[in-house]
Structures are given as C-alpha cells and as structure tokens.
Amino acid sequence: MAVKGGGRVVVGLVGRHAESAVLAGCLDAAAAGTAQLVVCDGEPGIGKTRMAEELTAMAQTRGFVTVWGRASESEGAPPCWPWRQVLRSLSQSGGAKVAAAIGVTKELAVVAPEAFPEEVADRIDLEGQPESRFRVFDAVARFLAEFAADCGLVVVLDDLHHADVASLVLLRHVVAGVGSAPLLVFATGRSTELGTQPLLDLLCRPRTTRVSLGALDRDAVAVLLTSSDQPIPWATPDHVHTLTGGNPFFVGELARAARIGQARDAIPDTVRAAIRLRTDRLSADCRHQLRVAAVLGRTFSPAVVAAALERPVTSCLGGWDEAAAAGLVMPVDDGCLSFRHALVRDAIVADLSAVERSALHRTVAVTLETYYRGALAPRLSDLAQHWALVADQDAREQASRWARMAGDEAMLRLSYEEAVRLYRQALRGELDDAAQFAVLTALTRALRQATDLAEAFRTCGQAVALARSAARPDLLAEAALVLEPTAVELLDTTLHGWLTEAAEQLDRCAPQVRAQVLAHLALSSVYVNESEKASSLSERALVAATGYADATTAALRARHMVCSGAADIDERERLADQMLVLADQMDSSANRILGYSWRIDARFARGDLRGVAADLENLDWWVRAAGGPTARWHLLRYRAALAQARGEFPRARSLADEAFQTVEPLGHPAAFPVRMALLVTVDHHCGTDREAPHVQACRTTGPGTAATPGHAYRIMDYLCPAMVLAEAGYLDEAAAKFHALGPIPTWRVPPFHQLIMYAFGIMVAVRLDDRDAVNELRTLLEPFRAGHVVSGTSVEHYCGPVALYLGLAAAQLGELDRAVDDLTEAEGAAHTAGAVAHVVEARTGLATVLARRGDITGAQALATRTIRDADALGMAPWRSKLAQLAQNPASAHPLRGLTAREYEVAVAVGRGLTNREIAAELHVAERTAQNHVQHILTKLGFTTRSQIATWITEITTRTDSSS
C-alpha cells in the first residue's frame with residue numbers, strides 16, 4: 001500500500017503481492033528451522049530496500065530479531081562493513097553473552113573489533129594459520145546460528161553490490177555453514193552488478209531464493225499516484241508509467257515535483273533532475289551541509305559535517321530538519337543520518353564540479369584525521385579514498401600512506417581482496433625503494449591469501465628485482481619466503497630460482513632466515529624433482545634451525561615432504577615424534593595436528609589399520625581443541641579412508657561427503673580431488689556407474705595432448721581419469737589418456753605418490769593389455785613388496801597391499817606360478833591389516849589364476865568360500881566374478897598363461913583368420929596382431945598356426961563339456 005503523511009509521499013509496497021508471498025514462504029521455512037538466503041535484485045530505485053522493510057516487519061510480528069548491515073558505495077568503507085554493522089547490533093542485543101557462551105568472542109572481534117572491544121585481534125595467529133579466515137568465518141556462522149536458535153533472526157544485507165569480496169565470502173560461508181537454524185539472510189543488490197563470482201555461487205546453492213524486482217505495471221503506478229496528498233490532473237497513469245518506466249522511486253519523485261507546483265512542461269525527465277528540483281528549493285546552508293555529507297557517504301555523522309564546516313553542531317540542526325522535511329535524509333543508529341536513497345546522494349555528488357569535489361574531499365580528509373585522532377583504524381580506508389580523490393601531488397603521497405596502513409588493517413581483518421586493492425593504491429605514490437619493497441611484499445602476501453597465484457608471483461618478482469638492485473640478499477630471501485610451491489610447473493621453477501639465489505648468499509642473512517630459506521628451498525626442490533638436492537638441503541635446514549621454533553617447524557615440514565616416498569616410513573615416524581615434541585614446547589595445536597597426521601600416514605603405509613584408529617582418537621582431540629574447518633577436514637578424510645580400507649563403504653561415502661562439505665564452500669583446492677579419490681576407490685569394489693557425472697567428465701575433459709615432459713604433478717591429471725575410464729569400460733578414452741603420459745621412464749613421480757601411480761598404472765595397463773607397461777611398472781613397484789599402496793602424506797584412500805598389484809601384473813604377463821605366490825602374499829597382508837575388501841579382491845584374482853593354471857577344484861573352493869564375504873561387503877562386481885568361477889571355473893580360460901587378448905587372437909586363428917583379418921576384427925594394428933600370434937606360439941610351445949587352431953578346438957570342447 002501507499003502511506004500518506006508528513007506532507008510527503010511515502011511510496012509503499014505496491015504491486016509486489018507475488019514477491020511478498022515468496023518472502024512469507026521463506027520466512028515460514030526459516031521459522032521451521034531451515035536457514036534461508038533470499039537475494040533480491042533489481043535496478044536502482046525499484047524497491048529492493050522497501051522489500052527488505054516489508055520482510056523485517058513480517059518477521060518482527062512473528063517474534064524474530066531483525067538486524068541490518070548496509071554496504072557503502074564508497075571504496076573507503078572498513079573491511080566487511082555490512083557484517084561489522086550486523087555483529088555490532090547483535091552484540092548490543094545480547095549477542096555478547098551468546099558469543100562468550102560458545103567461545104567465539106575473539107574470532108568475532110577480528111571482523112568487528114568495535115563490537116567486542118575487550119578482545120585483541122592479534123591473539124589469532126593470522127600469519128601462521130592459512131585457514132584463519134575460514135576459522136573466523138566459521139565462528140561467525142556458529143554465532144548467528146546460536147543467536148537465531150532462541151527466537152529466530154533475520155539479517156538484512158543491503159546494497160550488497162557495493163560490498164567487498166570478504167563480505168561476500170563470509171555470506172557464502174554463513175549460507176553453507178548454517179543449515180538448521182531459524183535464520184533468514186536477505187541480501188539486496190543491483191541486477192547489473194551481481195556478476196561477482198561469490199554472488200553467482202550463492203545463487204546456485206540450495207535454500208537460496210532469488211527475487212528479481214521488475215517495473216511496476218500501469219495499475220500499480222495508478223495506485224501510487226492516487227495516494228498523493230494532492231491530485232495531479234495531468235499525471236495520468238499511462239503518461240507517468242511511460243515516463244518513469246514503472247520505477248517506483250522515480251514515480252515518487254514526479255509526485256513530489258507536481259506537489260511543489262511544477263508545471264507539466266517542466267517536469268524532470270530523469271531521477272537526477274527530479275532530485276535537483278528538491279535541493280534547489282532548500283536554503284544555501286542546508287545545500288552546503290548536504291554536499292559535505294554526500295562526500296562523506298550515504299550514512300554520515302552530523303558532528304563530522306559540522307566540524308568540516310567549522311561550525312557548532314547546534315547551528316546545523318535547522319539545516320538537517322529542512323533536509324528531513326524535504327524527504328532527503330533520515331535518522332539512523334548512533335546519532336547518524338542517512339540519505340533516504342543512494343540515488344539522492346549520487347545526484348548531489350554528481351552535481352559537484354571537479355574543483356568543488358576535490359576541495360570537499362580534502363576538507364573531509366583533514367577533518368576525519370583530526371576528529372577521530374586516536375581511533376583511526378576503522379577509517380583508514382576512508383582516509384585513503386578521500387586523499388586519492390584530491391587533485392594534487394601532496395594528496396597523492398597522503399593517499400599512498402593511508403592506503404598502506406589501510407591495507408595492513410584489511411589483512412588483520414582477513415579481508416585479503418580489499419588489502420590487495422589498497423596496497424595497489426599505495427603503490428601509486430612516490431615511494432622510495434625500501435617503502436616500495438615493503439608494499440610489494442605485503443601485496444604478494446595478500447594476493448597469495450586471496451589465491452591469485454599468478455599475480456602473487458608477478459608482484460613478488462618485482463620485489464625480488466628491487467632486492468637485487470639494492471644488493472640486499474636478506475630482502476631477496478624475505479620476498480621469496482612469502483610464497484610456497486604450487487604444483488604449477490612454471491611458478492614452482494620460478495620460486496625455486498629465487499630461493500636458490502637467496503641460498504647462495506646465506507652468509508649475509510640472520511641465522512633464522514638461513515634456516516627458513518634452506519627449508520623452503522628443500523621443499524621447492526621436491527616440486528621441481530630435484531630429490532637428492534632436496535634431501536641434503538632439508539638436513540642442513542634442520543641443523544640450522546636448532547633453537548628457532550618457527551624455523552624448526554618449517555624444516556621438519558620440508559624434511560617430511562622429502563621423505564614422503566615409500567622407502568622412508570621409518571624416518572617419517574621419527575619426524576612425527578619430533579614434531580609432537582616441538583608442539584609441546586611451543587604449545588602449538590597446529591603442530592600437534594601435523595604430528596599425529598604424519599603418524600597416521602605412516603601407519604597406513606604399514607597397513608596398520610588398528611594403529612590408524614588409535615591415533616585418530618588423538619588427532620580428534622586436538623582437532624576439537626583447535627577448531628577450524630581445515631583441521632576437521634583432515635580428520636574426516638582420514639576417517640573416510642579408514643572406513644574404506646575396512647570395507648565399510650556406506651560409512652566411507654558419508655564421511656567423504658561430510659569432509660567435502662566442510663571445506664568446499666571455502667574454495668579449498670583439494671576438496672574435490674580428495675573426495676573423488678576415495679569415491680573412485682569405493683567404486684572399484686562396489687561397481688562403477690558408466691553414466692555417473694564424474695565418469696562422463698573424465699571422457700570429455702582433461703589433457704588431449706602429451707604431458708609436459710614428466711612434470712610430476714601433471715601425471716595424476718592423466719592417470720586418474722584413465723583409471724576411472726578403464727574401470728567403467730571406456731577403454732579407448734582410457735588408452736588415449738594413459739598413452740599421453742609418454743614412456744614410463746620419463747615419468748617424474750612425486751615421492752608421496754610413488755606407490756599410487758605405479759599401482760594405478762598397472763591396473764590401467766592390465767585393462768589395456770599393454771604388456772610392456774605392465775612389466776615396467778611391476779619392476780618399479782617390486783622394491784616395495786612389503787608395503788601398502790597409499791599416499792606418503794595426507795592419505796586420501798587405501799589401495800591394498802603392494803603384493804596385490806604385483807600379482808595382477810604377473811597374471812597379465814602369464815607368469816601364473818609367480819602370480820599365485822604374489823596373490824597369496826597379498827591375501828595374507830590384507831587379512832593381517834583388516835582390509836577385508838582387499839582380501840576378497842586378492843582371493844578373486846587368486847581363484848582366477850588357479851583356474852587358468854588348471855586347478856579347477858582349488859579355484860572352485862576358493863571362489864565359493866569368498867562369495868559370502870563379497871555379499872556381506874556389497875562388492876557386487878566381485879561377487880559376480882566369484883559366482884562365475886564357482887559355477888564354471890573353465891570360464892577363466894586355463895590357457896597356460898595366455899592373456900585375455902591373446903585368447904581372443906587364438907580363437908580367431910582357430911577360425912582360420914589371417915593377421916590382417918584379426919587386426920580388422922579386433923580393431924588393432926596388423927603388426928599388433930602378428931605380435932600376439934608370436935606370443936601365443938612361444939607360450940604354448942608351438943611352431944605353427946595349425947597347432948594353435950587344434951589346441952583352441954580342444955579347449956573350447958572341454959569348456960563346453962564342463963558347462
């Protein structure tokens with residue numbers, strides 16, 4: 001409806017019945033305990049804020065608490081400004097007690113320090129904890145859910161298109177992290193400015209409703225016009241609807257223009273012109289106050305305006321009353337005023353000349369420095385912005401100085417993207433080399449935290465160049481230590497070069513810096529496949545780090561990565577013990593989590609699943625104590641891997657999904673691949689759906705050309721999809737990816753993925769009947785026969801004893817006696833470990849080989865005994881193979897060592913086909929068919945094709961008789 005009163009037209013909620021019904025439904029869902037996000041978008045003036053007011057009115061009648069946070073259109077707003085307003089309001093409404101009760105006060109103080117002034121933000125280790133933002137944002141989500149639990153909560157985030165990226169990331173975290181709570185978040189934004197990735201991600205999430213406000217129709221415009229205090233004889237609904245395009249704000253402005261006696265032929269044709277009509281009727285003092293206020297921002301302090309005008313606050317009161325009566329400003333919280341609409345403020349600023357605007361920004365900047373002296377932290381960005389808009393050289397220097405301080409504040413508040421913007425602004429000033437280096441390294445750090453790696457390396461390169469030109473190896477080391485390896489070859493090679501250059505001049509660096517450089521260079525050397533160099537450097541780093549706790553942590557991490565290969569389990573266990581001792585000395589939860597994680601990795605590598613379970617209890621305790629989604633993700637992924645290893649497949653899937661959901665909303669780069677690694681391993685035992693999305697994705701995506709020669713971290717991009725496709729039966733696609741890896745001797749294998757790559761490679765090569773690849777990979781895997789196939793660090797899944805893959809290789813190569821020995825060994829190792837699914841897999845392979853060797857009775861007995869286990873575990877594909885072996889052992893083709901492909905060729909020879917005909921029928925090259933025939937002759941001890949034909953007839957007759 002439209003509301004009359006106060007000598008002005010108040011545009012009410014007209015023509016929005018359908019949208020109101022949607023909001024009521026969302027409010028019902030929130031009241032029932034399912035958190036909701038509503039994104040309301042539309043053009044300026046279309047009524048988004050009015051919809052928010054309608055929602056909060058509905059919510060308040062139902063007992064909900066409602067709070068508002070409005071993003072500032074100025075780039076000078078503090079980091080996370082909308083959320084700071086929300087948290088401040090809630091802290092004043094009982095939220096401080098709620099935060100204290102659930103132990104999140106210090107985390108909330110990072111986002112909104114003024115709401116929790118007793119907390120000190122630097123108590124959180126922002127530099128040493130890459131997941132600090134995740135942990136703090138998780139605390140905000142928990143706090144909102146807890147506050148809402150009592151009576152319900154509606155949070156309005158207005159003008160979100162003006163918000164900084166951190167505010168949007170926090171919103172995404174809240175939406176993902178609060179599932180069951182009477183909470184509704186209502187976000188408004190302009191349709192043309194909702195294109196940022198965090199907002200687009202939000203619109204695709206469950207429990208998100210988009211309400212797009214369009215133009216009012218003619219009837220709604222007519223209702224607005226009839227609600228005016230005075231009739232407007234010339235303002236017909238059709239004419240006004242055409243002129244305004246159905247924009248309710250513009251309709252209201254036309255109504256005001258008519259009410260003040262504006263003639264029809266002088267009616268403004270734009271919103272800006274309509275607002276100018278109102279301001280032109282005000283007194284000169286009032287207009288001047290509004291100009292200063294508009295430069296300050298949409299919401300402003302009357303006291304600051306008075307200080308800028310060098311007038312007493314009381315002398316300005318009449319001007320504010322005049323502006324309020326004209327419908328231009330309104331009172332808000334904390335004694336501040338706000339322009340009634342962003343368009344009002346925009347119109348006033350737009351009417352300022354360039355000279356006026358520059359002068360006012362200088363005046364406002366000087367006033368803010370004086371007025372808030374001693375409490376400038378929330379206003380640093382504002383000061384940088386005002387000085388940046390002053391048109392002279394002195395102001396440029398001031399803008400650079402304030403921007404650098406504002407960037408530091410943004411980093412402290414975890415607003416990394418805002419820090420990037422501010423540091424870049426700081427670089428526009430005239431800086432000496434030392435100041436420029438400091439800003440460049442700060443910008444590099446912010447870019448890294450914002451995950452813009454390419455720009456981080458480019459900026460770090462500028463800092464390195466400055467250090468070189470100044471002949472300062474200590475600065476070169478400082479710059480290079482900001483970054484870490486990325487698994488992107490070009491970037492890792494670049495970083496390795498910088499660290500190598502710094503290491504060559506260590507005699508000019510402080511002892512702790514020397515240790516840090518050696519540790520980082522060792523880690524970098526792993527990523528560029530310089531293993532011997534990495535080993536030596538990591539040993540030197542441990543010695544150099546003695547007496548320096550942080551450096552020792554870095555050195556231990558580097559040494560652990562160096563020793564993540566299959567031959568270094570003993571040393572990894574020693575390193576885990578050293579990390580736990582250091583954790584006690586430092587009282588560091590993060591290091592305790594690392595130590596127990598390393599110990600769990602080593603136990604997986606030994607096949608000690610009982611030990612894994614025991615250490616998971618220790619890890620669980622410290623993860624709970626430390627908090628944070630990344631630590632919890634590690635715990636859950638380990639639990640998922642243990643469940644998968646034990647054959648508890650439904651539990652493994654559930655835990656993998658839970659782990660994924662813990663960090664996926666935060667954009668963790670490993671969230672998806674870690675989940676997929678475990679689920680693919682489960683599929684191997686329970687069956688692969690050929691049409692599953694991840695299988696189809698492997699068919700259509702991924703590398704299409706040969707890999708960059710041997711770059712270690714690209715190999716899994718080829719090999720994992722090849723395995724998925726081979727398991728699903730898409731052999732041509734699997735072969736394309738497998739062969740794109742190039743010759744196996746050229747593979748550069750990361751130490752921690754040694755066994756997984758060799759084992760996966762054997763499985764794919766067996767499916768593709770690539771005997772040469774099977775033989776080469778078996779040779780590489782043989783030295784680790786006593787081990788178990790897992791990653792050397794951060795285990796994602798358990799793939800069984802190494803002997804299992806040696807047995808598969810021997811069977812494929814026709815070495816049946818060796819295959820029996822290997823598979824028997826694998827069965828025993830899996831049984832000792834408690835890896836029951838791999839016991840079933842080893843027995844299935846063993847029964848198959850026994851049948852091929854002619855031990856029909858043994859094959860039948862083993863298959864029959866194993867079927868029950870496969871049934872109990874839900875291993876449908878393996879149960880099917882076992883049933884076939886139990887009923888018809890001859891189906892395993894006791895062909896004296898022939899592979900499945902060779903058997904197909906033998907059958908074709910028996911039918912009298914030539915090599916060319918065999919090649920055409922089996923879709924292989926003629927040379928390949930010829931090689932297969934030669935292998936068959938050699939294995940069977942024959943010299944002629946007719947002998948093959950006679951023998952295959954006998955085998956076929958025997959198989960038919962058995963059936």
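**Entry 1: threonine 56**

I started with the side chain of threonine 56, which reaches the backbone oxygen of glutamate 53 at 2.9 Å. I count a polar contact as a pair of N or O atoms within 3.5 Å; within protein, one must be able to donate a hydrogen and the other to accept it, and residues adjacent in sequence count only if both atoms are side-chain atoms. A note to self on the source: this is a predicted model, where local features need pLDDT of at least 70 and side-chain atom pairs count only at pLDDT 80 or more, while totals for chains, interfaces and linings use all residues. Residues are numbered from 1 along each chain as its sequence is written, and side-chain values use heavy atoms, with hydrogens and water left out.

Threonine 56 sits in helix α2 (residues 48-61). Helices here are DSSP runs of H or I with at least four residues, strands are runs of E with at least two, and both are numbered from the N terminus. Is threonine 56 buried or exposed? Threonine 56 counts as buried because its relative accessibility is 7%; the cut-offs are under 20% relative accessible area for buried, over 50% for exposed and partly exposed in between, using a 1.4 Å probe and protein chains only. Leaving out residues up to four places away in sequence, I found threonine 56 touching Thr66, Trp68 and Val156, with contact taken as heavy atoms within 4.5 Å.

**Entry 2: the whole chain**

I then stepped back to the totals. The protein chain holds 46 helices and ten strands, and 56% of its 963 residues are buried. Among contacts with a separation of 6 or more, 67% join residues 24 or more positions apart.

**Entry 3: strand β6 and its partners**

Next I looked at strand β6 (residues 183-190), where eight of the eight residues are buried, so the strand is largely enclosed by the rest of the structure. Leu183, Val185, Ala187 and Gly189 point one way from β6, and Leu184, Phe186, Thr188 and Arg190 point the other way.

Which strands pair with β6 in the parallel sense? Strand β3 (residues 36-42) does, over seven bridges, and strand β5 (residues 153-158) does, over five bridges. Pairing here requires that DSSP finds at least two bridges between the two strands. On the β3 side, glutamine 36 stands opposite leucine 184; on the β5 side, leucine 153 stands opposite leucine 183.

**Entry 4: the nonpolar cores**

Leucine 183 came up again in the largest nonpolar core, which has 142 residues: Trp83, Phe143, Leu183 and Leu290 touch the most other members. A nonpolar core is a set of buried Ala, Val, Leu, Ile, Met, Phe, Trp, Tyr and Cys residues joined through side-chain atoms within 4.5 Å. Helix α5 (residues 132-151) gives the most to this core, with nine residues. Setting aside neighbours within four places in sequence, the contacts of leucine 183 include Ala30, Leu144, Ala148, Val155, Val174 and Val178. A second, separate core has 119 residues, among them Ile593, Ala643, Ala809 and Trp878.

**Entry 5: helix α42**

Trp878 led me to α42, whose buried residues are Trp878, Leu882, Ala883, Leu885 and Ala886. Why do I place them on the same side of α42? They cover an arc of only 165° around the axis, the arc being that of the directions from the helix axis to the C-beta atoms. These buried residues pack against α32 (671-686), α40 (836-853) and α41 (856-873).

I also checked the length of α42 (residues 876-887): at 1.5 Å a residue its twelve residues should span 16 Å, and the end C-alpha atoms are 16 Å apart, which agrees. The expected span is 1.5 Å times one less than the number of residues.

**Entry 6: positive phi**

Most residues other than glycine have a negative phi, and I noted two that go against this. Threonine 451 has a positive phi near 65°, and its place is in the loop between α20 (433-449) and α21 (453-469). Threonine 451 counts as exposed, at 64% relative accessibility. Alanine 471 has a positive phi near 55°; its place is in the loop between α21 and α22 (473-480), and it is partly exposed, with a relative accessible area of 47%.
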